[in-house]
Amino acid sequence: MKTFASVNARDAKHAVTLSQQARRDGKVAAFNGGGSDLLGLVKERTLSPDVLVNLRTIKGLDEVSSSRGMVNVGGLITLDALGRNQQIRRDYAVLAEAAETVATPQIRNFGTLAGNVCQRPWCWYFRNGFPCYKAGGNQCFSVTGENQFHAIFGGGPSFIVHPSDTAPALVALEANFRIVGPSGERMIPAADFFVLPQRTPARENILADDEMLAGVQLPAPRPGTRGTYHKVLDREAWTHAVVSAAIVLEIEKDVCRSARIVLGGVAPIPWRVPAAERLLIGQRVTPELAAQVAETALAGANPLRNNGYKVPLTKTIVRRTVLELANRTA
Amino acid sequence: MKKTETRKKKHTSRREFLESTGAVLVAATAVPAIQAQTSETQGSPAPAAPRTAIRLHVNGSNQRIEVEDRWTLAELLRDHLKLTGTKIGCDRGECGACTVLVDGKPAYSCSQLAVWMDGRSVETVESLAQGGKLHPLQKSFMEHDAPQCGFCTSGQLMSARALLARNPHPTAQEVQAALTGNLCRCSNYNRYVAATVAAGAGNEGRSLQSVSRSAALGASLPTLKTVGQPTTRIDARERVSGKATYSGDVQLPGMLYARVLRSPHPHARIRKIDASQALAMPGVKAIVSHENCKFVWGAGGVAGGVQYNDQIKKITKQRRYAFNNPVRFAGDPVAAVAAVDRHTAEEALRRIEVDYEVLPFVLDPEEAMKPGAVQIWPEGNVSLDNQNEAKPMTQQRGKVEDGFRTADHVFEDRYTTAFVHNAQMEPRTCVAMWEGDKLTMYTPTGGIANCQNDIARDLEIPTDKVRVICQYMGGNFGNKNQNQDSDLIAATLAKQAGAPVKLEFSRKEDFIGMHGRWPTIQYYKVGVNRDGTLQSIQLRGYSGMGPYRKNSGRMGGIEIYQCPNIESVIYPVYTNKTVSGNFRGPEFPQGFFGIQSMMDDVAYKMNMDPVDFVLKNMTRKANDQVDYTNYSLDECIRRGVEAFDWKTRWRPKPGSDPGPIKRGAGMSFMAFRSGVGRSNAIIQLDGNGQYWVRVGVTDVGAGAKTTMGLIAAEALDVPLSQINVVWGDTDRCPYSVGESGSRTTIMTGTAVIEAARDLKRQIAAKGMPKGSDVLTASANPNPTVEGGKVRATYGAHFVDVEVDTETGRVRVLKYLAVHDCGRIMNPLSATGQIKGGATMGIGMALHEELLYDPRSGQALTPGYYGHRVLTHRDAPEIEVIFLESDDGYGAFGSKSMGESSKVPAVAAVGNAIFNAIGRRMKDLPITRSRIIVALSGERA
């Protein structure tokens, strides 16, 4: 591996300072949480940091706490801890379930929520050293290459799909992200965190240099809310989502009061489908309505040569999940 | 900048040296020159890798260690704390071999930096046994024969230990979930799960209830004393305690680390290699490339699909060297560096400048056959055989055209199979050491004697100047027969540097640098009569060989049908993909997928139950002419049909289940080569009454050491405890056939029996030896089968699948494998062989592919994640029934086994999917996307 120095951060602000210092010295800095994704990129030389700012020494940034009805989740919470947390399982099942579907126990034991949300794409061109948009180049090799796992929505100029399982869940929960950077702290809605390649082809989110995702804030759960994460894998475990759906419904006396449907594995960002959500409002969920919701969710999909199968597949997932959630006794 | 200038200066001298030595490496000249270079560089400062002192609690002891910030935890444990029980299979968190516990939780030690472990507790496999007493999990793993090759075992153990700590009585499903992050390419998943469940239930010491069902064929198969008893492997303890020494665990004083630079282009001519910057780096000790290392790698190249030998070496026109120019696939070695540590070697590769003239390339064998296609060799793209002739491989009986004329129905179809990789858990690592003119190689090989011969031939030194040692090996599956280019490269670097060299392949290099199963395109035409009797079978096939013909490129399968007219014409075609070679049943799983899918389809179109069709048309004599030494194919199928409940599970109308989730059943059968042949064994008896059985086996994971011990014990009529097997070292063992072709038990086992007979004669004549006396018996039998009969091993697989037609998900609900592999030597390991092959077959059917980018010719899935090797959660329970027989050949009637279990598996899964969904899936792998496309009519 390339040489680098590992420096320990005391707190989020210190981490930012360490990153800034490194960059001022003309060095490339990177934050590490669990490190699984980062080390892979460093070993492949896709990323060549001189300084790793170690966030694992920060205390207290891995906790779940409540204040004024809202729940704060530290960015350094491991996926394993997140999936096992009783409060999250009860009130934000979609997030717990998403965390549980990630990779393997070994990765979930050390991989963090922030790391999962910020991990780089798993496009096989990017991961195999092609000089693509995501690696700072100026083309997307999937367009004329092998694209069965690529985007059917929001693609161009890069057609990666966002690799995170927790990201669609957080968007579906309408979480806010706490970002710490050189100018202090800011909160932004989860949906605004992720950016399409047409805006910044080399990045998947709005984090600027020296900025880090410190945590997420989940709004208080409303009565009658139920959510689930449905992930389709390419073997029974240990792949990223071929497609997935994070769905949260608020149902009162069999009538849907609000709905959030966010798709994973179909676009360079978690892909929310408001038109499909609207069909559910004020309705009883029937098999016919669920099918209509699914049709609407996939309207406008624009597949490449080899990923057309994602359209019927995602429709099935949306239809089944909406129906299953609606039929659940709350 | 100043430093750079100094480097430049050194580079010039090195450059001049390279040019002055010309193309051929002259070791005697090279060594002093490089040593001079070395002493020069020792003066300059080493590149500063930041270091940090950490406190670490390792296996119960507190340690203060200064680590380089870039060291992974695995690296710290293995290289610096000598805890080599933790293995590195991929170095990317994609396999689990490196799993250790960090603060009690399973972690991939390859994906954690050592510096992050400050203040933490780390437990490795070495911590499990306390005071010489094994942990219950270790015992249970031994008793269940969970480790085959053993390379993944430490990781499986650590995950299991963490599970039991929080859940002392897990269910099988909970074990699968907890161990999902630990791959086992031997695919002994059933056993790891059973062993963990048993250990958890506190059933320590409990013997297995049943390893498999077994029934004797015919009336008389007398029970033997030792052979046939479920036996714990003689080296099981080493495999579960991290003490088994694999090649990568070898560390020698002063050892250097080597890395290979590979071509990024699928086809290019190297104009110039400038290694001066690399050579000037402090710590770099030697660099080799095609300019100074001109050895032919015989076994890697153009043998026309037969074992390489001196004769072929003289004849072949198309030679494969350790380094080739032009390079002919992305991954072809270009240069290699030996340096003081692996990071320096890796960094040095980046400083080698290669000027390529990029050439056009071709990836698809049919494309490569077209007029005007890129010519990979001057002789054209049809691979040359060992007589330098570009001919297809043909097989003919009768006249197919006559059969098609008289047949009532003629069917035609096209099937394709993907390029898949062996993906054995242990990546290629070898250590080369010269002592004077004698080379010792620690290298993973399934055939130490073949490897020794090949290395000597390739390096042009006498055979007795090469010693090959392989004590443990992390899986073979055809990928580590003979010698490897890595052996030649490491030996050359070690010679140049004057120090031992460890050459390590990364997982990606192991995928793209070695070989996988040849992809095929198969065109069938089948003529059949109204009553379902076959009249003609014609196959035209194309195998993608990569740019060197390492192995045959055949497609097996047609021969298992009796049919008056057959014709098969198969072209082994050069392409610019990674080389193709042997992989568990080299030509069969892919050939069988084609022919057995085709025949299943013919049966369907003839409105017949496939079982009836098979019973009518399957082979009864070899090539329709010659008797088999025993025949039980019909019995395998009948017993399977009954035990599987075929009539209930198979749908007379495919795809007829109501609703989107449909079930269906499929079957496939095989008759597979099981020849006899030459091998050697030596048995010695010492004055203490101990028997020393010397056999040239490594034990690739199938249990050969134990099998040889069992056979010796039986033949000598002594308990296994008096038998000491000596293996894996050419200085201590006689020549034995390599552990490829499923032949060790048959051939080397027969040699053991012969040697035992001789020894018993000697004992009868001279009495038991006393004091320091030793009796020695050796045997070199070369048996043949009488009357020109053919030996075959038989089997039939039955699969019940559930397919979600809307999501394309396929789940195997029931899997039954019925095999006649002759007499079973050790039911415990034999069952694991069948389970493993069948599970691998499911992976090949549903998921696996080494996929290439059509535009750049680069592999896109060169690793466990991309290649989709099955996980614990994917692996169904494989039920095994053995029909035991003894045809009078092989050791006590043993027949081939290891490969055979994969042969029918892929087709059986494919046929079950057809029965469930009513669509014939003709291309491998049968992925979700292909099923959805087939059923929904969506484009791609």
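**A tour of the A–B interface and a helix pair in chain B**

Begin with both chains shown together: in this predicted model, the area buried between chain A and chain B is about 5,500 Å², and carbon and sulfur atoms give 52% of that area. If you then select the residues in contact, the selection should hold 59 residues from chain A and 72 residues from chain B.

Next, display the side chains across the interface of chain A and chain B, where nine salt bridges are found. One to centre on joins A:R320 and B:D804, whose side chains meet at 2.6 Å, N to O. Polar contacts can be added to the same view, since the rule finds 31 residue pairs of this kind across the interface, both residues being at pLDDT 80 or more.

Now hide chain B and colour the side of chain A that touches it by secondary structure: β1 (5–8), α2 (36–43), β3 (51–54), α6 (105–110), α8 (124–127) and α13 (310–327) of chain A each supply at least two of its residues. The largest share, six residues, comes from α13(A). Coloured by class instead, this side of chain A shows 24 nonpolar, 22 polar and 13 charged residues.

Finally, turn to chain B and select helix α7 (residues 189–200) together with helix α23 (residues 827–846), whose axes come within 8 Å and cross at roughly 125°; α7(B) and α23(B) are therefore oblique to each other. On α7(B), pick B:Y189, B:N190 and B:R191, and on α23(B) pick B:L828, B:T831, B:G832, B:K835 and B:T839, which together make the contact. By class, the residues of this contact are two nonpolar, four polar and two charged.

Methods. Residues numbered from 1 in each chain as written. Chains lettered and ligands numbered in written order. Predicted model: local features only at pLDDT ≥ 70, side-chain atom pairs only at ≥ 80, totals over all residues. Heavy atoms only, no water. Contact = heavy atoms within 4.5 Å. Buried area = accessible area lost by both parts, 1.4 Å probe. Salt bridge = Lys/Arg side-chain N within 4 Å of Asp/Glu carboxyl O. Polar contact = N/O pair within 3.5 Å; in protein donor to acceptor, adjacent residues only side chain to side chain. Helix = DSSP H or I, 4+ residues; strand = E, 2+ residues; numbered from the N terminus. Nonpolar A, V, L, I, M, F, W, Y, C, P; charged D, E, K, R; others polar. Axes fitted to C-alpha atoms, helices over the stretch in contact; angles between N-to-C directions. Parallel < 35°, antiparallel > 145°, perpendicular 65-115°, else oblique.
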